[in-house]
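Visitor: I have a model to look at, and I want the reasoning behind the labels. Can you take me through it?

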Amino acid sequence: TKIAKIVKEPMSAEQLQVQRFEAEAKSRLAVLEAQRLQAEMEEAQAKAEAERFRAVRLEMEREEAARSERRHQQEEAKREKERLEHEQRERERQEMIHVEMERLREEKDRRASQLEFLRLKQEMDDPILSKAKLATQEVD
């Protein structure tokens, strides 16, 4: 083994210096490798953290978009409800106008009939009017 060799054979100063340089180089390489691994680990952690933040941001944006869409749909539904209520009120108003116009026509017809009845009654009651009417009818 190496230890046995070292013990059995005395080393020259040059060999000891080479071994020391090799040991220092291996030590520096090990330190650099450890630093590289540490840097890779930190980079992976930073990427994972950034991905978590991105995921949280996207989720917040989705939630805000959903809230905004719900608000938009509620506003649209409210406008549609108001429009339908306005149309219903307008239909009811038009129906009331139609009913009132019909009532007024019936009232006008009733009064016209009453006037005609009263005119005929007056003619029958007043012989002078009756003769005058007959005379105008003969002329026509």
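Guide: Start with E76 and R79. The two residues sit 3 residues apart in helix α2, so about one helical turn separates them. Keep in mind that this is a predicted model.

Visitor: What makes the contact between E76 and R79 a salt bridge?

Guide: The N to O distance is 2.7 Å. The cut-off is a side-chain nitrogen of Lys or Arg within 4 Å of a carboxyl oxygen of Asp or Glu. The E76 and R79 side chains meet that test, so the pair is called a salt bridge.

Visitor: Why is E76 called partly exposed?

Guide: E76 has a relative accessible area of 38%. Buried means under 20% and exposed means over 50%, with partly exposed in between. The value for E76 falls between the two limits, so E76 is partly exposed. R79, with 43%, is partly exposed too.

Visitor: Which residues are joined into one network by salt bridges that share partners?

Guide: E33, R36 and E40.

Visitor: How do you know that R36 and E40 form a salt bridge?

Guide: Their closest N and O atoms are 2.4 Å apart. The limit is 4 Å, so the pair qualifies. Both residues lie in helix α2, 4 residues apart, about one turn of the helix. R36 has 38% relative accessibility and counts as partly exposed. E40 has 41% and also counts as partly exposed.

Visitor: What makes E64 and R71 a salt bridge?

Guide: The closest N and O atoms of E64 and R71 are 3.4 Å apart. That is within 4 Å, so the term applies. E64 is partly exposed at 35% relative accessibility, and R71 is partly exposed at 40%.

Visitor: How many salt bridges does a search of the whole structure find?

Guide: The search finds 21.

Visitor: Why can L104 belong to a surface patch?

Guide: L104 has 42% relative accessibility. A patch residue needs over 30% and no salt bridge, so L104 passes on accessibility. I97, M101 and L104 form the nonpolar patch, with about 260 Å² of accessible area together. L104 lies in helix α2, residues 13–125.

Visitor: What is the overall secondary structure?

Guide: The chain has 3 helices and 0 strands. Along the sequence the pattern reads α-α-α.

Visitor: How much of the chain is buried?

Guide: Buried residues make up 1% of the 140 residues. The chain exposes about 13,100 Å², and carbon and sulfur atoms supply 60% of that area.

Key:
Residues are numbered from 1 along each chain as its sequence is written. This is a predicted model: local features need pLDDT of at least 70, side-chain atom pairs count only at pLDDT 80 or more; totals for chains, interfaces and linings use all residues. Side-chain values use heavy atoms; hydrogens and water are left out. Buried means under 20% relative accessible area, exposed over 50%, partly exposed in between (1.4 Å probe, protein chains only). Accessible areas come from the Shrake-Rupley method with a 1.4 Å probe; for residues, only the protein chains shown count as cover. Patches are made of residues with over 30% relative accessible area and no salt bridge: like charges are joined within 9 Å, nonpolar side chains (Val, Leu, Ile, Met, Phe, Trp, Tyr) within 5 Å.
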